[in-house]
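Hi everyone, thanks for coming. I'd like to walk you through a structure that's new to most of you, so let's put it up on the screen.

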Amino acid sequence: MKPKKIYLCAISNISSGHCLEDCKFCTQSVKYGAKIDRYYHKPIETIVEEAKRARARKATGFCLVTAGKGIDEKSLRFVCEAAEAVKKAVDGLGIIACNGTASVAQLRILKDHGVDSYNHNLETSEAFYPTICTTHGWRERYETCENVKKAGLRLCTGGIFGLGELPEDRVSMLKSIRALGPDSVPINFYHPNAALPLAPKTLPRNDALQMVRTARDILGPDVRLMVAGGREVTFGDEDWRIFEAGANAVVIGDYLTTKGEDPLRDHAMILGHGYEIAESCHG
């Protein structure tokens with residue numbers, strides 16, 4: 001399915017680099033000592049300025065991300081404050097929260113303070129998950145996604161390709177995602193870092209494009225399929241091909257701990273290949 005409109009999303013790493021979990025793909029884990037910026041709370045005024053810049057660059061979604069396994073009361077208050085400030089200052093942005101494991105009660109509080117969607121990725125298949133993380137289980141991630149639906153928030157859940165998983169693991173993850181009935185599915189491609197224990201390999205471009213096609217086939221025509229982290233290192237200047245493969249959304253600007261493309265470059269790429277940029281979360 002070739003899309004007509006492409007949705008743009010931006011992310012803000014509002015609490016960085018102090019996670020105690022051992023996810024082998026993540027530079028935010030303190031276990032691996034990756035050379036990244038580490039801080040507990042980004043100033044609210046900085047978050048609002050980032051949101052304004054994102055909206056000026058045509059983003060319709062803005063994701064507030066905190067490092068850590070789950071959301072505690074202090075981080076819950078912080079995310080609520082950030083969401084309210086962005087909602088007050090910037091029109092036309094859907095607010096996404098990405099704060100790890102969360103209960104239905106916590107998710108309802110986020111919703112009451114302006115959060116529209118919650119992102120919690122399954123990352124990979126249930127069978128492969130213990131290979132990449134031992135400090136918490138896949139089932140816990142799945143249950144948080146179920147909690148998102150119970151709380152009345154839109155669900156955003158996806159995963160990462162290129163962690164050493166088998167093709168059947170990729171299909172299994174996508175089928176698990178489909179069972180959750182998400183609105184949006186971000187698919188990431190592993191971006192190697194010398195500090196991490198995974199092999200420093202990226203998924204071959206043709207394999208990655210095939211995974212976009214497979215994701216679209218399994219997830220159906222209505223899900224917003226977003227190519228997120230790893231787009232630049234995996235696809236290079238041929239990233240426009242992800243839209244031919246079925247993606248209809250991308251992350252613009254920087255990621256959590258890695259640099260992204262200039263959003264104006266992405267605008268030119270999208271428009272230059274005959275697509276439109278969506279003006280709102282609803283098209």
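I'll go through two helix pairs, then some aromatic rings, and finish with one loop residue. Keep in mind that this is a predicted model.

Let's start with helices. Two packed helices are described by the angle between their axes and the distance between the axes. So here's the first pair: helix α1, residues 44-56, and helix α2, residues 73-89. Their axes are 9 Å apart, and the packing angle is about 45 degrees. Angles under 35 degrees would count as roughly parallel, and α1 and α2 are therefore oblique to each other. The crossing, where α1 passes α2, is right-handed.

Which residues of α1 and α2 meet? On the α1 side you've got I44, I47, V48, A51 and K52, and facing them from α2 are F78, E81, A82, A85, V86 and A89. Sort the residues of that contact by class and you get nine nonpolar, two charged and no polar ones.

Now scroll along to the second pair, helix α5 at residues 138-150 and helix α6 at residues 167-180. Here the axes sit 10 Å apart and the angle is about 25 degrees. So α5 and α6 come out as roughly parallel to each other. This one is a right-handed crossing too, with α5 passing α6. The contact uses W138, Y142, C145, E146 and K149 from α5, plus S176, A179 and L180 from α6. By class, that's five nonpolar, one polar and two charged residues.

Okay, on to the rings. How many aromatic pairs does the structure hold? There are four. Let me zoom in on one of them, F189 with F235. A pair of aromatic rings is described by the distance of the centres and the angle of the planes. For F189 and F235, the centres are 5.3 Å apart and the planes are at 90 degrees, which makes the pair edge-to-face. F189 is in strand β7, residues 184-189, while F235 is in helix α8, residues 231-235, so this pair ties together parts that are 46 residues apart in sequence. Buried or exposed, these two, F189 and F235? Both are buried. And they have company: F161 joins F189 and F235 in one aromatic cluster.

Last stop: D237, in the loop between α8 and α9. D237 has 67% relative accessibility, so it counts as exposed. If you measure across from D237 to M173, the C-alpha atoms are 28 Å apart, with these positions 64 residues apart in sequence numbering.

That's my tour, so over to you.

Terms used: Residues numbered from 1 in each chain as written. Predicted model: local features only at pLDDT ≥ 70, side-chain atom pairs only at ≥ 80, totals over all residues. Heavy atoms only, no water. Axes fitted to C-alpha atoms, helices over the stretch in contact; angles between N-to-C directions. Helix = DSSP H or I, 4+ residues; strand = E, 2+ residues; numbered from the N terminus. Parallel < 35°, antiparallel > 145°, perpendicular 65-115°, else oblique. Left-handed = near helix turned anticlockwise from the far one by under 90°. Contact = heavy atoms within 4.5 Å. Nonpolar A, V, L, I, M, F, W, Y, C, P; charged D, E, K, R; others polar. Phe/Tyr/Trp six-rings, centres within 6.5 Å; stacked < 30°, edge-to-face > 60°. Buried < 20%, exposed > 50% of the residue type's maximum accessible area, 1.4 Å probe, protein only.
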